[in-house]
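Let's walk through this one together, question by question. Have the sequence and the 3D view open as you read.

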Amino acid sequence: MKKSTKILHTGNEVDPVTGAVSYPIYQVSTFHQDGLENDGAYEYSRSANPTRNTLENILTKLENGYRAFAFASGMATISSIFLLFSPGDHLLVTSDVYGGTYRALTGLFQRLGIETTFIDTTIPENIERNIKDNTRAIYLESPSNPLLKITNIRQTVQLAQTYNLLTIMDNTFMTPYFQRPLELGIDIVIHSATKYLGGHSDLIIGAACVNCENLASRIKFLQNTFGAIAAPQDCWLLMRGIKTLKVRMEQHQESARALAAWLNEHSYVNEVYYPSLIQNPGHQIHQEQADGDGGIISFRLQSSTKARNMLENVRIPVLATSLGAVESIITYPCTMSHDSIPIDIREQMGIGEDLVRLSVGLEAPEDLIADLEQALK
Amino acid sequence: MELDTLAANMGVGYDCKGSISVPIYQTATFQHPALNESTGFDYSRSGNPTRLVLEKGIAALENGNIGLAYPSGMSAITNVFMFLGYNSHLIMTEDIYGGTYRLLNEILNQYHIEATYVDTTNLQEITNAIQEDTAAIFIESPTNPLLKVCDLKAIAQIAHQNNILLIVDNTFLTPYLQNPLQLGADIVIHSASKYLGGHNDLIAGLVAVKDQEIGDKLYFWQNSTGSILSPHESWLLLRGIKTLGIRMEKQQQNAVSLARWLQNHPQVTRVYYPGLPDNPGYLLNLKQARGYGAMISFEVRTPELIPRFLEHIELISFAESLGGIETLVTFPYTQTHGDINEETRNSLGINNRLLRLSIGIEDQKDLIQDMEVALS
């Protein structure tokens with residue numbers, strides 16, 4: 001079955017009782033029990049809810065995994081997954097990781113005794129050199145946020161297997177439509193489903209999908225006990241968003257390619273970061289592990305003043321923190337998405353005041369180009 | 001302002017178009033008016049207008065200054081425990097909700113957050129359990145499922161003399177009947193899925209605190225771990241809270257009648273309800289609360305009566321939860337408290353003859369008739 005068909009026909013979308021083609025929203029906390037013997041039926045919505053389960057089944061199919069779990073936010077997902085680790089454990093994490101993940105690791109999990117080293121995972125020797133006796137996992141973003149750096153997933157998985165490490169990957173930028181990390185050997189894939197999977201800037205939700213029973217039962221336990229679950233209405237909205245994932249992703253990508261090429265030629269733009277651009281050192285690797293480039297572009301202007309001027313003058317893209325939506329969103333990473341990272345570390349990562357991130361929406365690319373053109377003047 | 005007035009008017013006047021009901025801000029992000037300017041809302045995980053009305057609302061109802069809304073009661077509890085930090089010790093009510101027990105014994109223990117379980121109706125037991133690293137005392141009053149009443153004021157005093165925080169789970173009585181922050185508690189927690197929501201139709205957790213510094217730290221945890229309540233559930237919860245007073249009154253009225261009826265039933269050997277004058281916590285509860293709530297636990301003569309009862313109830317639903325308008329019955333031994341080891345359960349009195357009732361707003365004659373049939 002082609003990806004685009006699979007998105008719509010995972011076998012979970014129709015209500016088996018009534019035949020309703022849109023799955024019901026089970027807005028309920030608890031379920032009547034027939035007797036003392038619980039035969040795996042629903043009990044309490046924190047533990048399992050039919051709408052959430054249906055969404056989780058769909059996500060499992062899309063990521064080609066063993067089981068998926070829906071959480072109250074992308075960060076709730078990431079935090080729940082980090083609870084797999086114990087004090088004394090050490091993690092290796094992509095250096096230009098999302099600011100919120102950085103904050104959770106350095107501000108919270110460090111206090112619980114979990115240690116993190118942030119490294120450039122695009123260089124395999126770099127990963128190997130930083131593995132310690134207590135290293136338990138490698139956490140990746142590829143492409144990374146916001147610099148769209150590419151990590152070789154297969155190679156990293158191989159290395160992780162040699163050292164018996166768990167591999168976790170944030171697949172928010174690509175979605176399963178363009179990249180399926182579990183097929184490449186990753187153990188746990190994470191999504192801020194607020195972004196492309198939802199696609200409409202209208203909900204906050206996260207998801208994780210795993211490749212085996214053992215991880216599934218551990219995460220199921222954490223989801224239920226930590227209780228950071230996604231609400232039924234949001235699960236339903238996410239299923240609704242996923243139905244148009246293919247058409248949206250194709251259009252995001254087509255427009256992003258046009259914009260990346262245009263920006264690349266613009267005299268005020270110093271550097272453009274987009275996976276398929278020839279100057280991206282990982283473009284070849286990316287092509288081997290993903291089916292597309294997605295809709296996020298970052299670019300560096302000649303000066304921070306030029307960057308700020310542009311952000312003040314754009315009319316079509318919304319100046320906001322988020323991405324992956326039908327409307328274009330423009331972000332100033334140094335004060336918005338990555339402001340939770342201390343300035344010296346942020347600068348070191350290359351997230352300076354000249355950098356702008358653009359999430360290309362579904363507007364006509366000609367209009368977006370014209371708008372950026374006037375804003376850059 | 002009285003609680004009924006506060007609750008009914010929660011969110012009124014918030015919307016700039018004059019909508020009496022707060023809009024559901026089903027949005028992920030907010031447009032910045034200009035670079036480095038904010039409307040006060042940037043990203044819904046960090047702050048959402050619908051959630052904010054609810055959070056301010058619970059703070060007002062509990063006489064606190066800061067409120068926080070979580071995707072479940074367990075999420076609220078986990079955030080509070082994690083805020084206490086690595087290497088801290090807790091003193092807990094011994095017949096605590098099974099989910100909290102599981103959290104402490106199977107997840108938080110690995111982060112060296114350890115708990116001592118004591119009978120918190122006994123002040124000496126609390127004092128004896130205090131260690132150098134004790135960070136908090138966590139109590140439920142009345143407790144779940146045995147409805148034991150703990151002296152909140154006296155425990156707050158012990159806590160503060162020892163530089164320890166007092167955390168109270170106020171799910172059973174709600175701010176309508178009891179205000180732990182006024183009695184000296186530092187943090188109040190709710191499984192808002194229960195009475196505050198009141199309709200068995202949502203899962204949510206709430207926290208209220210007085211102290212700004214504690215509030216700020218809890219907010220940092222909520223935002224960083226992304227443990228937030230969605231706009232739709234926030235709105236439903238606000239809607240539920242508006243009828244809290246009238247629901248609680250009716251549920252309590254029904255519960256008093258049913259507790260008395262159960263007490264006189266030949267198949268019933270024991271009734272736990274703080275509204276019965278012969279309950280050991282009756283007077284203490286009256287001193288610190290404005291009512292007894294609508295949770296009743298009772299013990300039947302033999303374990304064989306349990307499956308028979310559960311099979312024969314028609315009106316009452318056998319389901320895990322409480323606080324809704326529909327009457328529910330729970331078998332704590334395997335349902336809510338199944339995660340606690342058997343020996344402990346039995347020694348606490350959570351045995352295979354115990355049932356817990358959450359009394360709803362049905363007509364009490366129908367409820368009595370349903371139980372009469374099921375107990376015969």
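pLDDT is the predictor's confidence in each residue, from 0 to 100. This is a predicted model, where local features need pLDDT of at least 70, side-chain atom pairs count only at pLDDT 80 or more, and totals for chains, interfaces and linings use all residues. Residues are numbered from 1 along each chain as its sequence is written, while chains are lettered from A and ligands numbered from 1 in the order in which they are written.

Q: What pLDDT does chain B average?
A: Where pLDDT is low, the predicted coordinates should not be read in detail. In chain B, 100% of the residues score at least 70. For the complex, the predictor gives a pTM of 0.91 and an ipTM of 0.86. The chain B average is a pLDDT of 95.

Q: How far apart do the C-alpha centres of domain 1 and domain 2 of chain A lie?
A: Domain bounds here come from an automatic or database domain assignment. That assignment splits chain A into domain 1 (3-242) and domain 2 (246-376). Their C-alpha centres lie 25 Å apart.

Q: Which helix of chain A gives the most to the side of domain 1 that touches domain 2?
A: Residues are in contact if their C-beta atoms, placed from the backbone, lie within 7 Å, and by that test 32 residues of domain 1 of chain A meet 34 residues of domain 2 of chain A. Helices (DSSP runs of H or I, at least four residues) and strands (runs of E, at least two) are numbered from the N terminus. Elements giving two or more residues to this side of domain 1 are helix 1 (3-8), helix 4 (99-109), helix 6 (153-162) and helix 7 (175-178) of chain A. With 4 residues, the one that gives the most is helix 4 of chain A.

Q: How do the residues of the side of domain 1 of chain B that touches domain 2 of chain B divide by class?
A: Chain B has its own domain 1 (3-241) and domain 2 (245-375), and their contact takes 31 residues from domain 1 and 33 residues from domain 2. For the classes, Ala, Val, Leu, Ile, Met, Phe, Trp, Tyr, Cys and Pro count as nonpolar, Asp, Glu, Lys and Arg as charged, and the others, Gly among them, as polar. On the domain 1 side in chain B, the residues divide into 16 nonpolar, 7 polar and 8 charged.

Q: In what order do the 7 strands of the open sheet in chain B run?
A: Strands of a sheet pair through backbone hydrogen bonds, either parallel or antiparallel. Here two strands pair if DSSP finds at least two bridges between them, and the pairing in this chain B sheet is mixed. The edge strands, each pairing on one side only, are strand 1 (66-70) and strand 3 (114-118) of chain B. The order is 1-7-6-5-4-2-3.

Q: Which residue stands opposite S191(B) in strand 7 of chain B?
A: Strand 6 (residues 187-191) and strand 7 (residues 205-209) of chain B run antiparallel, joined by 5 bridges. Opposite S191(B), in strand 7, stands G205(B).

Q: Which residue does a cis peptide bond join to N144(B)?
A: Look in the loop between strand 4 (134-140) and helix 6 of chain B. Omega of this bond is about 10°. The partner of N144(B) is P145(B).

Q: Is L147(B) buried or exposed?
A: L147(B) sits in the loop between strand 4 and helix 6 of chain B, and its phi is near 55°, a positive value in a residue other than glycine. A residue is buried if 20 or more other C-beta atoms (placed from the backbone) lie within 10 Å of its own, exposed if 12 or fewer, and partly exposed in between. Because L147(B) has 27 C-beta neighbours inside 10 Å, it counts as buried.

Q: How many C-beta atoms lie within 10 Å of N200(B)?
A: N200(B) lies in the loop between strand 6 and strand 7 of chain B. Its phi is near 50°, a positive value in a residue other than glycine. N200(B) is buried, and the number of other C-beta atoms within 10 Å is 24.

Q: How many residues of chain A are in contact with chain B?
A: On the chain B side, elements supplying at least two residues include helix 3 (73-84), helix 8 (212-224) and strand 10 (317-318) of chain B. By class, the chain B side divides into 20 nonpolar, 26 polar and 8 charged. Chain B brings 54 residues to the contact, and the number from chain A is 53.

How values were computed. Contact = placed C-beta atoms within 7 Å.
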